[in-house]
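Take a walk through this model, from the whole chain down to single residues. Keep the sequence and the coordinates side by side as you read.

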Amino acid sequence: MTADGKKAAAAIAAKAQPSPLHQDPHAIRDTPEKVLEVALGHEVRAFRKKLGITVADLAAMTNISLGMLSKIENGITSPSLTTLQALSRALGVPLTAFFRRFEEERSAVFVKSGEGVDVERRGTRAGHQYNLLGHIGSNTAGVVVEPYLITLAGDSDVFPMFQHEGMEFLYMLEGEVVYRHGSNLYRMTPGDSLFFDADAPHGPEELTQLPIRYLSIISYPQGSSGD
């Protein structure tokens with residue numbers, strides 16, 4: 001193989017590698033004081049942009065230096081109450097509006113074993129049981145996540161194809177199923193998982209070993225429908 005050919009092969013191999021994950025699942029936030037500074041800065045920037053003014057405009061309106069405003073918006077420094085009052089007047093918002101993000105509650109849902117909510121979805125009448133394990137509506141992430149425990153019983157004789165917005169993750173717990181995604185078939189047994197774009201037609205193609213139970217976790221942007 002020529003040098004150019006080797007370079008081309010290396011480039012193709014590099015593209016085939018999965019992109020590294022940037023989210024650290026074990027990361028922790030900064031100290032509460034630092035989080036407050038970041039929350040305040042975010043709100044100041046958001047209100048400023050809503051008015052369509054620049055940092056320089058806001059500096060002129062408040063007699064706060066450009067450098068100080070930049071540090072405030074980037075959460076680098078903690079503004080005094082006097083500074084916050086000047087900003088609230090210039091931006092036309094109450095002083096408490098700057099603390100909105102910091103004080104916003106973060107939700108959690110705990111479901112005891114066997115206490116999930118049975119819901120009606122396409123396929124329920126064909127013997128597919130959907131047990132919703134939790135649901136959080138409006139949230140800071142801007143993403144809705146619906147975790148289901150799905151059970152396919154012996155009377156599951158109709159296999160509907162699903163197609164909806166978002167992403168879906170399956171994790172097999174019991175039994176064996178041949179699951180279709182688009183034109184591909186996957187034979188899934190306990191411990192197997194499947195993660196896919198839910199916009200393609202998908203669903204159980206063949207129930208190989210009953211009963212079948214698997215987790216289905218669907219995520220989609222707030223404001224859209226997951227089904």
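Of the 227 residues in the protein chain, 32% are buried. The model is a predicted one. Its chain holds six helices and seven strands. Along the sequence, these elements follow the pattern α-α-α-α-α-α-β-β-β-β-β-β-β. Now consider the contacts in the protein chain with a separation of 6 or more. Residues 24 or more positions apart account for 65% of them.

Start with helix α3, which spans residues 55–62. Which of its residues are buried? They are L58, A59 and T62. An α-helix has 3.6 residues a turn, so residues three or four places apart point the same way. Look down the axis of α3: the buried residues fall within an arc of 105 degrees, so they line one face of the helix. Just after α3 comes N63. The phi of N63 is positive, near 60 degrees.

What does α3 pack against? One partner is helix α5, residues 81–91. The axes of α3 and α5 lie 9 Å apart, and the packing angle is about 110 degrees. Angles of 65 to 115 degrees count as roughly perpendicular, and α3 and α5 are therefore roughly perpendicular to each other. Their crossing is right-handed. On the α3 side, L58, M61 and T62 make the contact. On the α5 side, A86, L87, A90 and L91 do so. By class, this contact has six nonpolar residues, one polar residue and no charged ones. Two of the α3 residues named here, L58 and T62, are also buried.

Move on to helix α6, residues 100–103, where R100 sits. Is R100 buried, partly exposed or exposed? Its relative accessibility is 49%, so R100 counts as partly exposed; the exposed class begins over 50%. Leaving aside neighbours within four places in sequence, R100 is in contact with E43 and F47. R100 and E43 are 57 residues apart in sequence. In space, their C-alpha atoms are 8.0 Å apart.

Finish among the strands. N131 is found in strand β2, residues 128–132. Why does N131 count as buried? Its relative accessibility is 11%, and buried means under 20%. Which residues does N131 touch, not counting those up to four places away in sequence? They are G116, V117, D118, P147, Y148 and L149.

How values were computed. Residues are numbered from 1 along each chain as its sequence is written. This is a predicted model: local features need pLDDT of at least 70, side-chain atom pairs count only at pLDDT 80 or more; totals for chains, interfaces and linings use all residues. Side-chain values use heavy atoms; hydrogens and water are left out. Helices (H or I, at least four residues) and strands (E, at least two) are DSSP runs, numbered from the N terminus. Buried means under 20% relative accessible area, exposed over 50%, partly exposed in between (1.4 Å probe, protein chains only). Contact means heavy atoms within 4.5 Å. The arc is that of the directions from the helix axis to the C-beta atoms. Axes are lines fitted to C-alpha atoms, for helices over the stretch in contact, and angles run from 0 to 180 degrees between N-to-C directions. Angles under 35 degrees count as roughly parallel, over 145 as roughly antiparallel, 65 to 115 as roughly perpendicular and the rest as oblique. A crossing is left-handed if the near helix is turned anticlockwise from the far one by less than a right angle, and right-handed if clockwise. Ala, Val, Leu, Ile, Met, Phe, Trp, Tyr, Cys and Pro count as nonpolar, Asp, Glu, Lys and Arg as charged, and the others, Gly among them, as polar.
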